[in-house]
Amino acid sequence: MNKVKWKNICEDKDKRPEVQEYKNWKDLPPIPISFPIKGSIGTTGDWRTFKPVIDRDTCTKCGICWMYCPEGTIIRNKEGEFEVDYVYCKGCGICAKECPTKSIEMVRESEV
Amino acid sequence: MVEAKEDFTQERETKIIKGNVAAAYGAKSARVQVISAYPITPQTTVVEKLSEFADNGEMPGTQYLKFESEHSVMAATIGASTAGTRTFTATSGQGLFYMYEMVHWAAGARLPIVTTIASRGPAPPWNIWADFTDIISCRDTGWMISFASSHQEIYDDILMSYKISEDHEILLPKFVAYGGFTLSHTSKPVTLEDQDAVDDFLPPLPDERGWPHIFLDPERPMMHGNLIMPSGFYNEFRLKIHYAHTIAKQKIKDVTTEFEKKFGRSYGNGLIEEYKMKDAEVAILNYGELAMQMEEAVDDLRNEGYKVGCVKLRYLRPFPVEDIIHIANKVKVLGVADRATAFGSPTGGPVSSEVKAVLYGSGASTKILPIVMGLGGREVGLEQQKNQLKVLTKLNETGEFPKDMIEGTFWDGLLELD
């Protein structure tokens, strides 16, 4: 009978590799586990049709866009200004919809 | 079951209790940390008794959770188990069917949840009495399934279940099924073991790191149960559940032996129990409480000179393939009595289908008689079981099957009113 070879993931929590490679079913753990890694399913910015562009002149830095962004792609920089991480922003437009001063415009990617 | 000898020195207590109360004491002795509950006849008194324990402080540190449905009960049990706790719940019939989606999830997530089922007949027509069709509908979910045939066995099997389920090479949820009302609401003496002895027998409760394959830690978030594409390892993870069942057979035998050494009560080899099978020419296989009564029937017929024996099936999953082939080779005729239905099945009831499947290609030339009886709590008396053994003996001696067979199955005890 083949000995089960999977490793106990609780034993050395800090030493766990980011990505584990399995050759066959005997090496697999009992269930598949994923750890969050930035961009693990690719650069989701590729999905975007409309791009949010922040108007610095009218932005009051209230942070509502930052709170509402479902993907955490609005980032507050050292000066307290908000920027969009275009590598991962999917272009959903929630930030533009919620912005109280209408400082975010959704621009068609082809027109940028 | 073989009774304990007197020389066991632990402090134990014998109480006359109902089967459901024995189940509640089993969960209490196993020090379960989370109990989620929704009542359904005939299971209700299990969770009622546990709520009493939780309320009067007899189970310190145990969370007792009430829900609006069985689906939520199993979902909560899964959540609690995923967080790394020993969990328990109980249900019956329609409640189990409502729970069904989550039942698959528990096995797929490899969570060692133990659930007792006070089996009842599926509706309609509405029925609340003993019938194992409910639990057998969970045959292919990946859960281990055992049958308890006495009040004591309900208590004992819950303890053994945690030890088997929580084994790091197995990690499967487990059902312990017993007949609704026949065991759940009748009272018998049950020996409740000393807490220190039970603690010593069971694996330690999981610590904050939870089970070896999953743990919830806000410092290091993880995700499980996510999508696997067809090209991913889905087939392989399914195979691993099956593989865990195959290695569980040996583990069950080991744990049963260990239990016997520790507490003095034995349950055959763990998977099956043979009774007077040494020189038996015909035998009958039962599961649940009727397997216990069948031992009486065998004794009576042995006194009349019949060479008969009986076998108690303890586990439906994993199925004791090797043991069934072994007993089939010992006898010329083997009856398989199901208190459950498998509509449209080519080979009788659900367990007789399994037995026939196992024997195909095994070289055994044993004649199998599938028997379906006692559905929805219909009484199967001692005389009826003795008659079943006589029918099997006649089949052995003359090759004659009973006259009123329906599609190869003997439906025993049908009403015929004048």
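**Burial, pairing and contact in a predicted two-chain model**

Tutor: In this predicted model, B:Leu382, B:Glu383, B:Glu397 and B:Thr398 are exposed on the other side of helix α12(B), away from the buried residues B:Gln385, B:Gln388, B:Leu389, B:Val391 and B:Leu392.

Student: What makes the buried residues of α12(B) a face of the helix?

Tutor: Viewed down the axis of α12(B), the buried residues lie within an arc of 150°, and therefore they line one face. An α-helix has 3.6 residues a turn, so residues three or four places apart point the same way. The cover over the buried residues of α12(B) includes β11, α9 (289-303), β12 (308-313), β14 and β15 of chain B.

Student: How do you know that the length of α12(B) is close to what is expected?

Tutor: Helix α12(B) covers residues 382-398, which is 17 residues, and it reaches 24 Å from its first C-alpha to its last. At 1.5 Å a residue, 24 Å is expected, and the two values are close. After the helix comes B:Gly399, with a positive phi near 75°.

Student: Why is B:Gly84 called buried?

Tutor: The cut-off is 20 or more other C-beta atoms within 10 Å. B:Gly84 has 20 C-beta neighbours inside 10 Å, so it counts as buried. This glycine sits in the loop between α3 (70-82) and β4 (87-91) of chain B. Beyond its neighbours within four places in sequence, B:Gly84 contacts B:Pro206, B:Glu208, B:Arg209, B:Gly210, B:Trp211, B:Phe215 and B:Leu216. B:Leu216 is 132 residues away along the chain, yet the two C-alpha atoms are separated by 7.7 Å.

Student: Why is strand β14(B) described as largely enclosed?

Tutor: Six of the six residues of β14(B), residues 333-338, are buried, so the strand is largely enclosed by the rest of the structure. B:Val333, B:Gly335 and B:Ala337 are buried on one side, and B:Leu334, B:Val336 and B:Asp338 on the other.

Student: Which strands pair with β14(B), β11(B) by how many bridges and β15(B) by how many?

Tutor: Strand β11(B) pairs with β14(B) in the parallel sense over four bridges, and B:Ile284 stands opposite B:Gly335. Strand β15(B) also pairs with β14(B) in the parallel sense, over six bridges; there B:Lys367 is the bridge partner of B:Val333. From β14(B) the chain passes through helix α11 (residues 350-359) to β15(B) in a right-handed β-α-β crossover.

Student: What joins strand β1 of chain A to strand β9 of chain B?

Tutor: Two bridges join these antiparallel strands, and two is the minimum for strands to pair. A:Ile33 stands opposite B:His224.

Definitions and conventions: Residues numbered from 1 in each chain as written. Chains lettered and ligands numbered in written order. Predicted model: local features only at pLDDT ≥ 70, side-chain atom pairs only at ≥ 80, totals over all residues. Buried ≥ 20, exposed ≤ 12 C-beta atoms within 10 Å, placed from the backbone. Right-handed = clockwise from strand over helix to strand, strands pointing away. Contact = placed C-beta atoms within 7 Å. Expected span 1.5 Å × (residues − 1). Arc of directions from axis to C-beta.
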